Amino acid sequence: MTQTVVPVVQRSLLNPQFENYQLQPNDVALAYTKLDAPLHRLSGFAINSTCPYRLLELHTRYNHLFPLFDGSGALFIDSARWICLAQMDESCRIQVTKLQMLAPPLQENTTPAGLHLPPSIVFASHDMMLASDGMNTLEIFKVDSVPCFQIHKIASIVLPRELSTRGMMIYEAVVASNGDLLVCTQQTFNVETLVKPNSKSSATEQHLYDTKKHRFLVSLVRVQIPVSAHASDSNLNTDTTVIADIVMSLHGESAPYFAQIESDTVSLTIGAPTPFESLIHASDTDATVPSNGDEHNAESTLSNYSWTQSGDEITVNVNLPKQLLVKRDIRVVFQPTGVSVKAMHSGQVLFAGDLFDHVRSSECIWTLEGSHQLVLYLQKTHAGTRWPHLFMHDDGVLETLDAATLESYTNKLDKYHNSKQLPVLGELSSHRNMECDDSSDNGSPAMHFQTVTERQENIDFEAHLFFIDRFVVDQVSSSTVLSHRCGMPGMAWIGMQLSQPLERSPVVLVQSDVDALAFKIKPGLELEHISALSALAFVQASKQDKKLVTLTGDMRLALVVEFKQYVYVYERPEVKQMHAKQLVLNIGQGSQGGMVLGIAQIGSGHVMILTEDSFVGFAV
């Protein structure tokens, strides 16, 4: 039985008093370090009619920097397949050291151009690391961090081929209590289509691959760490090859955002835009997992209804069957988490469902208006909270807004976006159009060189829905079972906290109304709401060229990183804080226009960004 998980929002972390982000004068020094060789291979994947959209989406949002577990630097894999170490000095300049070259891919398994996966590096422990080139090479390395960071190859890993797969990347790896290595890998494949012969062709049946049915294969594999891993560096046998045992195989239509391994329960948790299911039992798995309120919500979609809301009340108009004419024929039950409407004589459920948020059931009322119009008045428990949809599970019925409410809501959102005309980039500015405190000591406006300002863009209210699925291996049947699922009701994907190696509980950033909420994913698919960034969901939606949205390790800052030009830095406002700082960094002015490939936090207050042709370092 699959358990439905519903995230709980901590209202004490929200800040209804927040008004806006105030753009500050840009005094952040950017240090540029040119790369010896450009990294065009990492972003120059083939874009053609046969390259699946979901694969392109994975490449565009992928972070190619992998920080060290002590925060002293970050790793990346260059175009020549070298594992490289990037370290930052006190002036924020980057020094790059080549550590070791990955083995060439197997000739018979070479992935076609444009269909490879991004290269990946993960730490299984403080002294063990795995790396893949994105094609089919997967290698284990011994890590020595004293006196300086070094790696030594232990072995190559070979995965059994269940399907005709392409590419290889790693999401996570952990060392189990018995000493085995558990690794979460991803490959791609196309659903095989059987083409029957016809009169004009050969009678031989053909197996073709439908590029429109592209799938991502995520596997949890078990690897016995070779004895040579415990030998001294001089005695390591780098030619060792180990065959992995597949523990579970899952497939889905999109690449996961993250994966989490629980070694003690042999389980795997995946967060992705679309649900995953067991590869072996795919035909027997229902893609829709029922919850306690799904039966009611299914009934509600059969009724014709509309709804609207104010700060403290929800009004629902339900069209009733013609045979119900008087109040005594109707029974309405209000509960703190739901509502139901039934016909007294037949017992038919006319309208019911689990609500998006709690209501004060003792204060809810209903009435009949006209012959067949039932009106429900629901009193919100959390006044001032705006509901994105009526029910916990969105049934697609949008809120009805009258002209006055729409204008009020638009004005409320406008305060998060600076609509005043700002000077052209590079012009001298002496007027206070950035809503920031920059007065000099004598009270006159301070003069500063306006290197970059917030740009005016169309607001794109994008919504990336996502699911979090937890799979376990049944101890009796050895089959893969979906134990938990969270559909993140009323929320949408924004991004993640910057990678922190060996941190087994990832932090995801989700959209909830105009705010961004941070949830920590704990073992057993327990979601803990740990932070909120007021209005960040709204302001990031205006950045149409963004590559990723992320949080620093201390969750003090949010960064919106564009593909080429700008990085927007937002200070997390405290509860009851009305304003917060914003910075805009023009990272493209010192490079040759290369695309951004990755970002990593170095120590507690520095950031490095990798582009196709250079590194950019700065303090925050």
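**Note on the predicted model**

1. S36 and S37 make a hairpin, with three residues between them. The model is a predicted one. Strand S36 covers residues 557–562, and its pairing with S37 is antiparallel, over five bridges. Within this pairing, valine 561 is opposite valine 567 of S37.

2. S37 also pairs with strand S38 (residues 579–586), again in the antiparallel sense and over five bridges. Here tyrosine 568 has valine 584, in S38, as its bridge partner. Strand S37 spans residues 566–571, and five of its six residues are buried, so the strand is largely enclosed by the rest of the structure.

3. The largest nonpolar core has 42 residues, and the members that touch the most others are Ile83, Met129 and Leu268. There is also a second, separate core of 25 residues, with Tyr566, Tyr568, Ala580 and Val584 among them. Of these, Tyr568 and Val584 are the bridge partners named under point 2. As general background, nonpolar side chains in soluble globular proteins tend to be buried together.

4. For methionine 129, the contacts beyond four places in sequence are Leu75, Ile83, Ile121, Val122, Phe123, Glu139, Ile140, Phe141, Val143 and Ile151. Ile83, one of these contacts, is itself named with Met129 among the residues that touch the most other members of the largest core.

5. An open sheet is formed by five strands in the order S1-S30-S29-S18-S17, with mixed pairing. Its edges are strand S1 (3–4) and strand S17 (258–262), each of which pairs on one side only. Inside the sheet, strand S29 (residues 467–473) runs antiparallel to strand S30 (residues 480–486), the two being joined over six bridges. Phenylalanine 471 is placed opposite leucine 482 of S30.

6. The same two strands carry a salt bridge: aspartate 469 pairs with arginine 485, and their closest N and O atoms are 2.7 Å apart. Aspartate 469 belongs to strand S29 and arginine 485 to strand S30, so the pair ties together parts that are 16 residues apart in sequence. Both aspartate 469 and arginine 485 are buried.

7. The structure contains 11 salt bridges. Two others can be set beside the buried pair. Glutamate 528 and lysine 522 form one, with 2.8 Å between the closest N and O atoms. Glutamate 528 is partly exposed at 30% relative accessibility, and lysine 522 is partly exposed at 26%. Another joins aspartate 554 to arginine 556, with the closest N and O atoms 3.4 Å apart. Aspartate 554 counts as partly exposed at 40% relative accessibility, as does arginine 556 with a relative accessible area of 36%.

8. Asparagine 63 sits in the loop between helix H2 (53–61) and strand S4 (66–67). Its side chain reaches two backbone atoms: the nitrogen of leucine 65 at 3.1 Å and the oxygen of isoleucine 599 at 2.9 Å. Setting aside residues up to four places away in sequence, asparagine 63 touches Leu597, Gly598 and Ile599. Ile599 therefore appears both in this contact list and as the partner of the 2.9 Å approach.

9. Valine 6 is in the loop between S1 and strand S2 (20–23). At 36% relative accessibility, valine 6 is partly exposed. Its C-alpha atom is separated by 6.7 Å from that of methionine 488, although the two residues are 482 residues apart along the chain. Beyond its neighbours within four places in sequence, valine 6 is in contact with Met392 and Pro489.

10. On cysteines, the count of disulfides is zero, the criterion being a pair of cysteine sulfur atoms within 2.5 Å. Cysteine 184 has a relative accessible area of 0% and is buried. Cysteine 486 is likewise buried, also with a relative accessible area of 0%. Residue 486 falls at the end of strand S30 (residues 480–486), the strand that pairs with S29.

Note on methods:
Residues are numbered from 1 along each chain as its sequence is written. This is a predicted model: local features need pLDDT of at least 70, side-chain atom pairs count only at pLDDT 80 or more; totals for chains, interfaces and linings use all residues. Side-chain values use heavy atoms; hydrogens and water are left out. Buried means under 20% relative accessible area, exposed over 50%, partly exposed in between (1.4 Å probe, protein chains only). A nonpolar core is a set of buried Ala, Val, Leu, Ile, Met, Phe, Trp, Tyr and Cys residues joined through side-chain atoms within 4.5 Å. Contact means heavy atoms within 4.5 Å. Two strands pair if DSSP finds at least two bridges between them. Helices (H or I, at least four residues) and strands (E, at least two) are DSSP runs, numbered from the N terminus. A polar contact is a pair of N or O atoms within 3.5 Å; within protein, one must be able to donate a hydrogen and the other to accept it, and residues adjacent in sequence count only if both atoms are side-chain atoms. A salt bridge is a side-chain nitrogen of Lys or Arg within 4 Å of a carboxyl oxygen of Asp or Glu.
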